[in-house]
Amino acid sequence: MKSSRSPFWHTRVLVLGASGFVGYWVARALRAQGAHVTCAVRTVEGAERLTRQQLGSVVVRRDLADLGALGTWIPPLKPAIVFNLAGYGVDRSEQDEETADLINHRVVGALARVVSALPADRWEGVRMVHVGSALEYGETGGELSETSPCAPTTLYGRTKLAGTEALQQVSKETGLEACVARLFTLYGPGEHAGRLLPSLMAAASGREPLDLTDGVQRRDFTYVEDAAEGLMRLAVSDVAPGQVVNLCSGTLQTVRSFAEIAASLVGLTRERLRFGALPARPEETPADGVSVTRLRQLTRWSASDDIAEGIGRTMGRLAEHEFRDGA
């Protein structure tokens, strides 16, 4: 879409968690489409990065534990729509139960109530887009649709599901036009070190073998800029209040396949991939597939399942000035 025709053109948008992996790409895409973006982050370091990239105004809110304060600093910003990408627990070192419940659950409900009370304006889209997680499904097998039962087994999955339910309750009570986008396995520029693709790229610059799981587990891999595109499309779709939408490609591929494709592109020989050297994660979702029917019906779009293309785009982005500077 051209900026002059974008539904976000001159629209006031608030992005929480804008310095995170997905939040950064959402803020960047919104800015490119002419939105007036305010980025809310929890650290000065995150604010400095976003300021350098000129992605909009930046608000530093370090203490999200003060839920009552949401109603004091958000209304003056007059956002037409809020994207909530704040989260805790994606990094496996983040295991504090109280913090997880606060950020992934209670903040969501409190934020939804603040957004529901904001005065209406000319914006005709969704008022709040909240990012959920595939880990909300947990042990649920078969094809995962939005109506599948949820049986999360991890702290992150349990608290993200509680956040989904909190938003749905507020939407039911107030009529808030909000949706939950459940993301699956994301990859791309800006990932945390130690995740699969960054580990493969780092190994390519050395000579040591790379220990991996056996790689037979299947995941729905989604390139991060596609995820950002999907979130923006959902924001202008006709979703029901509190509706959950799977945001992914709808194609399961093995971790081994992803690793082998990535290795060939980054210059890492297959002989250095030690499949089976590490145990598989216990939280792997035993799905037979993921339904993206609802996503396609709402947006007439779904994310690409072309891993080689996504990794190629990642390498291109990493060569850009902002990433070479460590932004």
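**Figure 1. A cavity with a mostly named cast: its lining by residue class.** In these legends Ala, Val, Leu, Ile, Met, Phe, Trp, Tyr, Cys and Pro count as nonpolar, Asp, Glu, Lys and Arg as charged, and the others, Gly among them, as polar. You're looking at a predicted model, where local features need pLDDT of at least 70, side-chain atom pairs count only at pLDDT 80 or more, and totals for chains, interfaces and linings use all residues. Residues are numbered from 1 along each chain as its sequence is written, and side-chain values use heavy atoms, leaving out hydrogens and water. The count comes to 1 cavity of 30 Å³ or more (a set of points on a 1 Å grid where a 1.4 Å probe fits but cannot get out; lining residues have an atom within 4 Å of a point). The largest cavity has a volume of about 30 Å³, the space filled by probe spheres set on the points, which are joined across faces, edges and corners. Around the largest cavity sit Y187, Y223, D226, S304, D306, E309, G310 and R313. That lining splits into 2 nonpolar, 2 polar and 4 charged residues. Helix α10 (residues 307-318) gives the most to it, with 3 residues; helices (H or I, at least four residues) and strands (E, at least two) are DSSP runs, numbered from the N terminus.

**Figure 2. The second largest pocket.** This pocket has a volume of about 200 Å³ (a pocket is an open set of points with protein on both sides within 12 Å along at least five of seven lines). Its walls come from P7, H10, T11, R12, K78, A80, D121, R122, W123, E124, G125 and V236. By class, that makes 4 nonpolar, 3 polar and 5 charged residues. Two lining residues have backbone angles to look at here. H10 belongs to the segment before β1, and its phi is near 65°, a positive value in a residue other than glycine. K78, in the loop between α3 (70-73) and β4, isn't a glycine but has a positive phi of about 55°.

**Figure 3. F8 meets W123.** There are 6 aromatic pairs in the model (rings of Phe, Tyr and Trp, the last by its six-membered ring, with centres within 6.5 Å; planes under 30 degrees apart are stacked, over 60 edge-to-face, the rest tilted). One of them joins F8 and W123 in a tilted pair, 5.5 Å centre to centre with 35° between the planes. The two rings link distant parts of the chain, 115 residues apart: F8 comes from the segment before β1 (12-16), W123 from the loop between α4 (97-116) and β5.

**Figure 4. The parallel sheet and its edges.** Seen strand by strand, this open sheet of 7 strands runs β3-β2-β1-β4-β5-β7-β12, with parallel pairing (two strands pair if DSSP finds at least two bridges between them). β3 (57-60) and β12 (243-247) stand at the edges with a single partner strand each, so one side of each has no neighbour in the sheet. Further in, β4 (residues 81-84) and β5 (residues 128-133) pair in the parallel sense over 3 bridges. Here F83 stands opposite V129 in β5.

**Figure 5. Helix α5 and the glycine after it.** Helix α5 (residues 155-174) has 20 residues and reaches 29 Å from its first C-alpha to its last, close to the 28 Å expected at 1.5 Å a residue (1.5 Å times one less than the number of residues). Just after α5, G175 takes a positive phi of about 80°.
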